[in-house]
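Student: Could you take me through one part of this structure up close? I'd like to see how a helix and the sheet behind it fit together.

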Amino acid sequence: MTGERTVADRTDGRATTDRRLAGRRILELGGGRDPVPGAVNMDIADVPEVDIIADVTGEWPVEPASFDRIEAHHVLEHVSHDDLPGVFRRASETLRPGGRFHVEVPLAHSRSAKNDPTHRSEWYWRTPSYYAGGDELAYEVDADLEFALERREIRLFLTSGEWFARPPSWLLKQLSLRNPSLIELVKLPYVTGFMEFTMRKRG
Ligand SMILES: C[S@@+](CC[C@H](N)C(=O)[O-])C[C@H]1O[C@@H](n2cnc3c(N)ncnc32)[C@H](O)[C@@H]1O
């Protein structure tokens, strides 16, 4: 909760003009208590590790075209698909041409996604394509068309739990390494799975 504190208490509201944050080239969305070292951490939570207290679905108090890279680890699944086009649009505005937006989200069918009641969006193998320009699916959402999907991969972690879950989760992991999109033909009750993708701003 942000409480009484505002962005201005933590920074001057402009990450790229604030003396303490000036020159940093990575913006992190939702870094929480475990931010990427050296990044400007923008998060809705009022905790000491946060540099800019802001909701990613609202206005971003940063200068346009002021960062080379944006990181978002395990935060976009907390944003609904109604709000995500706006997040991608603001990410594009905030990046310099050629800048990269790197995202990690839990895979929709995996345990890690299903367990958490605060998740607002599900992410499947094809979901990032809707937010990338140039993809045949992108016109269906009001997405930013300046992004190109550069890299995408699935990472599954074997369960540390019950013995009977180990063989199927090992097989699923092998399958995901060989053909990530095929993994969606099976549900993933036994494993924790993440998807990582990087979008590049054109220009
Ligand atoms: C699961 S934690 C991930 C923290 C860190 N990135 C990591 O990987 O360990 C989700 C973070 O996203 C933040 N968050 C959730 N919704 C947000 C929103 N709408 N705007 C900004 N931050 C948000 C939370 O406060 C929290 O710090």
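**The sheet and its helix**

Tutor: Happy to, and let's start with a pair of strands, keeping in mind that this is a predicted model. Strands β6 and β7 run antiparallel and are joined by ten bridges. One of the pairings is easy to find: F157 has T192 in β7 as its bridge partner.

Now step back to the whole sheet. It is open, with seven strands in the order β3-β2-β1-β4-β5-β7-β6, and the pairing is mixed. At the edges are β3 (52-53) and β6, each of which pairs on one side only. Helix α2 packs on this sheet, where it touches β1, β4, β5, β6 and β7, and its direction makes about 145° with that of β5.

Let's turn to the helix itself. Helix α2 covers residues 84-94, and its buried residues are L84, V87, F88, R90, A91, S92 and T94. An α-helix has 3.6 residues a turn, so residues three or four places apart point the same way. The buried residues of α2 pack against β1 (26-29), β4 (67-73), β5 (95-106), β6 (147-157) and β7 (192-201).

The contacts of L76 lead on to the core. Beyond its neighbours within four places in sequence, L76 is in contact with L84, V103, V105 and S121. L76 is also among the residues with the most contacts inside the largest nonpolar core, along with L27, I70 and F101; that core has 41 residues. Helix and sheet both feature in it: β1, β2 (40-43), β3, β4, α2, β5, β6 and β7 each give two or more residues to this core.

Terms used:
Residues numbered from 1 in each chain as written. Predicted model: local features only at pLDDT ≥ 70, side-chain atom pairs only at ≥ 80, totals over all residues. Buried ≥ 20, exposed ≤ 12 C-beta atoms within 10 Å, placed from the backbone. Helix = DSSP H or I, 4+ residues; strand = E, 2+ residues; numbered from the N terminus. Contact = placed C-beta atoms within 7 Å. Pairing = 2+ DSSP bridges. Axes fitted to C-alpha atoms, helices over the stretch in contact; angles between N-to-C directions. Core = buried A, V, L, I, M, F, W, Y, C linked by C-beta atoms within 7 Å.
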